[in-house]
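Work through the following exercises with the sequence and the model side by side. Try each task before reading its solution.

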Amino acid sequence: MLSGYAVSLVVSEQGVPAWKTIVFGLLPHGVIELAAIVWAAALGIANGMAVIRAIARAFRRRLETAGNRVDSAVNVQSPRRPLLFALLRTACSLPFIWGMLVIAALIESAITPHLLHWGIPNLKHH
């Protein structure tokens, strides 16, 4: 929403075509940044589902052992194993996600201003 607002300001105040603002101002870093955000969101959803499944398995295991005092839950998978796997996957992915965000920030701060001057030479700064 903020990006759309910034593009509309440049278009209305500067008279620059929207496609130039998007191509030279947003696209160079936005592709990497959005990929990192989607990846992080997917990991968050996967972790949330792993927590829900672990709670359901633990609850089911308690019901089975409460109804049958014989240890029938020995064959049931530990409720913590998938949760630990999901958290391990997240821990392994975080450095890559952070790296992508750092690269996107470097592109945004160092390369995008030069691209804007090259692609939109009459752009005025406030």
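The exercises below start with the overall fold and then turn to single helices, residues and ring pairs; the model is a predicted one.

**Exercise 1. The overall fold**

Task: Determine how many helices and strands the protein has, and in what pattern they follow along the sequence.

Solution: Begin by counting the elements, which gives 3 helices and 0 strands. Reading along the sequence then gives the pattern α-α-α. Next, place each element on the chain: helix α1 covers residues 2-14, helix α2 covers residues 18-67, and helix α3 covers residues 80-119. To see how the chain comes back to itself, consider the contacts between residues at least 6 apart in sequence, of which 71% join residues at least 24 apart.

**Exercise 2. Surface and interior**

Task: Find what share of the residues count as buried, and what share of the accessible surface belongs to carbon and sulfur atoms.

Solution: The protein has 126 residues, and 21% of them count as buried. The accessible surface comes to about 9000 Å², and carbon and sulfur atoms hold 71% of this area. One part of the surface to examine is a nonpolar patch formed by W19, I22, V23, L27 and V31, whose accessible area together is about 460 Å². Of these patch residues, V31 can be followed one step further: V31 lies in helix α2, and with a relative accessible area of 53% this residue passes the limit of 50%, so V31 is exposed.

**Exercise 3. Where helices α1 and α2 meet**

Task: Is V7 buried or exposed, and with which residues is V7 in contact beyond its neighbours within four places in sequence?

Solution: First locate V7, which is found in helix α1. Its relative accessibility is 10%, which is under the limit of 20%, so V7 counts as buried. Leaving aside the neighbours within four places in sequence, the contacts of V7 are A18, T21, I22 and L26. A separate distance concerns W19, which is 12 residues from V7 in sequence, while their C-alpha atoms are 9.2 Å apart.

Now take T21 from that contact list and look back from the other side. T21 has its place in helix α2, and this residue is buried, with a relative accessible area of 8%. Apart from neighbours within four places in sequence, T21 is in contact with V7, V10, V16, L26 and I120.

**Exercise 4. Following helix α3**

Task: Locate the kink in helix α3, and list the buried residues of this helix.

Solution: The kink lies at I111, shortly before the proline P113, and amounts to about 45°. The buried residues of α3 are A86, T90, S93, I97, A104, I107, T112 and G119. Choose T90 from this list: its relative accessibility of 13% is under 20%, so T90 counts as buried. Beyond its neighbours within four places in sequence, T90 is in contact with L43 and N47.

L43 also appears in a comparison with L94, a residue that has its place in helix α3. L94 and L43 are 51 residues apart in sequence, but their C-alpha atoms are 9.5 Å apart in space. L94 itself counts as partly exposed, at 28% relative accessibility.

**Exercise 5. Aromatic pairs**

Task: State how many aromatic pairs there are, and work out for the rings of F24 and W118, and then for those of W39 and F96, how their planes are arranged.

Solution: The count comes to 2 aromatic pairs. In the pair of F24 and W118, the ring centres are 5.7 Å apart and the planes stand at 85°, which is over 60 degrees, so the pair is edge-to-face. This pair links distant parts of the chain, since F24 is in helix α2 and W118 in helix α3, 94 residues apart. The two partners can also be sorted by accessibility: F24 counts as buried at 14%, whereas W118 counts as exposed at 65%.

For W39 and F96, the ring centres are 6.5 Å apart and the planes are at 20°, which is under 30 degrees, so the pair is stacked. W39 lies in helix α2 and F96 in helix α3, so the pair ties together parts that are 57 residues apart in sequence. To finish, W39 is partly exposed, with a relative accessible area of 32%, and F96 is exposed, with a relative accessible area of 56%.

Notes: Residues numbered from 1 in each chain as written. Predicted model: local features only at pLDDT ≥ 70, side-chain atom pairs only at ≥ 80, totals over all residues. Heavy atoms only, no water. Helix = DSSP H or I, 4+ residues; strand = E, 2+ residues; numbered from the N terminus. Buried < 20%, exposed > 50% of the residue type's maximum accessible area, 1.4 Å probe, protein only. Contact = heavy atoms within 4.5 Å. Patch = residues over 30% accessible without salt bridge, like charges linked within 9 Å, V, L, I, M, F, W, Y side chains within 5 Å. Areas by Shrake-Rupley, 256 points an atom, 1.4 Å probe, with all protein chains shown as cover. Salt bridge = Lys/Arg side-chain N within 4 Å of Asp/Glu carboxyl O. Bend = angle between axes of the 7 residues up to and from the residue. Phe/Tyr/Trp six-rings, centres within 6.5 Å; stacked < 30°, edge-to-face > 60°.
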